[in-house]
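Visitor: I should like a close look at a single part of this model, with the terms defined as they arise. Please begin with the lining of its main open space and then place it in its surroundings.

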Amino acid sequence: ANRLDVTYPFGGDNMQRRDFLKKASIGAAAGAATTLAAPAIAAELPSIKWRLTSSFPKSLDTIYGGADVLANRLREMTGGKFDIRVFPGGEIVPGLQALDAVQQGTVEVCHTCSYYYVGKDKTFGFGTSVPFGMNARQQNAWIYYGGGQKLLDEFYANYNVVSFAGGNTGTQMGGWWRKEVKTLADLKGVKMRIAGLGGAVFSELGVVPQQIAGGDIYPALEKGTIDAAEWVGPFDDEKLGFYKVAKNYYYPGFWESGPTIHFFVNKKEWDKLPKEYQAAFQAAAYEANVTMMAEYDHKNPIALSKLLQNGVKLQSFSDEILGAAYKASQQVYADESAKNPAFKKIYTEWEKYRKTQNAWFSVAEMRMDRFLQSHK
């Protein structure tokens, strides 16, 4: 009674039906042979063991977890034959020396932020984020489709590495401040932990920037070695406990509109990989990039609610401060472009792309966001 009536593409002749079933059986057998061949092909590939050093402590499971996503997926896709062991910042090298470790061949790969290395060359800022730059979606568009990957890899080739986007946090918060900062005068002499070119911009406004790895920020803020500190956003910031020693929580982190976290691979080691493993690595990196952003979007509003319940004062930077910072950022870009050909090359193309993206986002995206946010 539950049988489906099938209309064959031929008539009802039994011989034709038998011929059809025979051909189908042969096709199924061929498919099975193809399926069985896959493990045999995989068996011919080498077993490879790499080490990955992260710039992040294991306790920050979302940003650190991007490296775990990569490693776990690679093992799954290769039957465990491409095995990457992940080490937290500080176990092999300090968090801010992850790129150096890859460049020198101490490890094969790292998970870090490009802008941690602006001390080598300010051009490193573009790989992660620069002040008043693009948001996470725009940054991905630039890297994957707008020529950004090519420009970045041309630059990174000078450091013996190749790069893969491996995460994003979305627009970050403006950090934790012991005292309120309402005017430009309030910024003078403030010692602030801040990464990338944001430090150069704040320096123009009188702030004294400090580069400190994530796991070392809390002790410095607690002891008063620094007066303010920025990290990522509510989920990570709550875990690090900044609200216990500084109650003023500012936004937005204008220096990190959509910061990309990267996997950097030693160029020689990358070139040694079979093409199948290279393809698997790229696919796993894509997954790490997409899922990190989604996870932060899920966790941040929950964490912000908890922070507010703990007496945190949510504060917006004033228009005076944002305006001055924007003006200072344009001067930093002009000054660096005048003396650094590598910076100028990327900045010129990046700026064109940023303007195009902002023009598009100012249409449907902005109108929808503003409407929904006004109807709480």
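How do the residues of the lining of the largest pocket divide into nonpolar, polar and charged?

Guide: The model is predicted, and local features therein need pLDDT of at least 70, side-chain atom pairs count only at pLDDT 80 or more, and totals for chains, interfaces and linings use all residues. Residues are numbered from 1 along each chain as its sequence is written, and side-chain values use heavy atoms, with hydrogens and water left out.

The lining of the largest pocket divides into 16 nonpolar, 17 polar and 5 charged residues. In this classification Ala, Val, Leu, Ile, Met, Phe, Trp, Tyr, Cys and Pro count as nonpolar, Asp, Glu, Lys and Arg as charged, and the others, Gly among them, as polar. A pocket is an open set of points on a 1 Å grid over the protein atoms alone, with protein on both sides within 12 Å along at least five of seven lines; a cavity is a set of points where a 1.4 Å probe fits but cannot get out, and lining residues have an atom within 4 Å of a point. Volume is the space filled by probe spheres set on the points, which are joined across faces, edges and corners.

The volume of the largest pocket is about 1300 Å³. Its lining comprises 38 residues, and those nearest its centre are Asn-135, Thr-171, Ser-257, Asp-369 and Gln-373. Two or more lining residues come from each of α5, α11, α13 (341-361) and α14. Helix α11 supplies the largest share of this lining, 8 residues. Helices (H or I, at least four residues) and strands (E, at least two) are DSSP runs, numbered from the N terminus.

Several of these helices take part in salt bridges, for which a side-chain nitrogen of Lys or Arg must lie within 4 Å of a carboxyl oxygen of Asp or Glu. Side chains of opposite charge can pair when their charged atoms come close. There are 21 salt bridges in the structure. In one of them, Glu-287 meets Arg-73 at 2.7 Å, N to O. This pair links distant parts of the chain, with Glu-287 in helix α11 and Arg-73 in helix α2 (residues 61-77), 214 residues apart. Relative accessibility is 26% for Glu-287, which counts as partly exposed, and 29% for Arg-73, which counts as partly exposed; here buried means under 20% relative accessible area, exposed over 50%, and partly exposed in between (1.4 Å probe, protein chains only).

Glu-365 and Arg-137 form another salt bridge, with their closest N and O atoms 3.0 Å apart. Because Glu-365 lies in helix α14 (residues 364-373) and Arg-137 in helix α5, the pair ties together parts that are 228 residues apart in sequence. Glu-365 is partly exposed, at 23% relative accessibility.

Helix α11 (residues 275-309) contains Leu-308, which counts as partly exposed at 39% relative accessibility. Together with Tyr-251 and Leu-314, Leu-308 makes a nonpolar surface patch of about 250 Å². Patches are made of residues with over 30% relative accessible area and no salt bridge, like charges being joined within 9 Å and nonpolar side chains (Val, Leu, Ile, Met, Phe, Trp, Tyr) within 5 Å. Accessible areas come from the Shrake-Rupley method with a 1.4 Å probe, and for residues only the protein chains shown count as cover.

Tyr-251 is joined to Pro-252 by a cis peptide bond, with omega about -5°. Pro-252 belongs to the loop between β9 (248-251) and β10 (260-266).

The loop between α4 (125-128) and α5 (136-144) holds Phe-132. Phe-132 is not a glycine, yet has a positive phi of about 60°. This residue is buried, with a relative accessible area of 18%.

As for enclosed space, the whole structure has 2 cavities of 30 Å³ or more. The largest cavity holds about 60 Å³ of space, and 13 residues line it, with Tyr-115, Tyr-116, Gln-172, Trp-231 and Glu-256 nearest its centre. Its lining divides into 8 nonpolar, 2 polar and 3 charged residues. The second largest cavity has a volume of about 50 Å³, and its lining includes Phe-126, Met-134 and Trp-350. That lining divides into 4 nonpolar, 5 polar and no charged residues.
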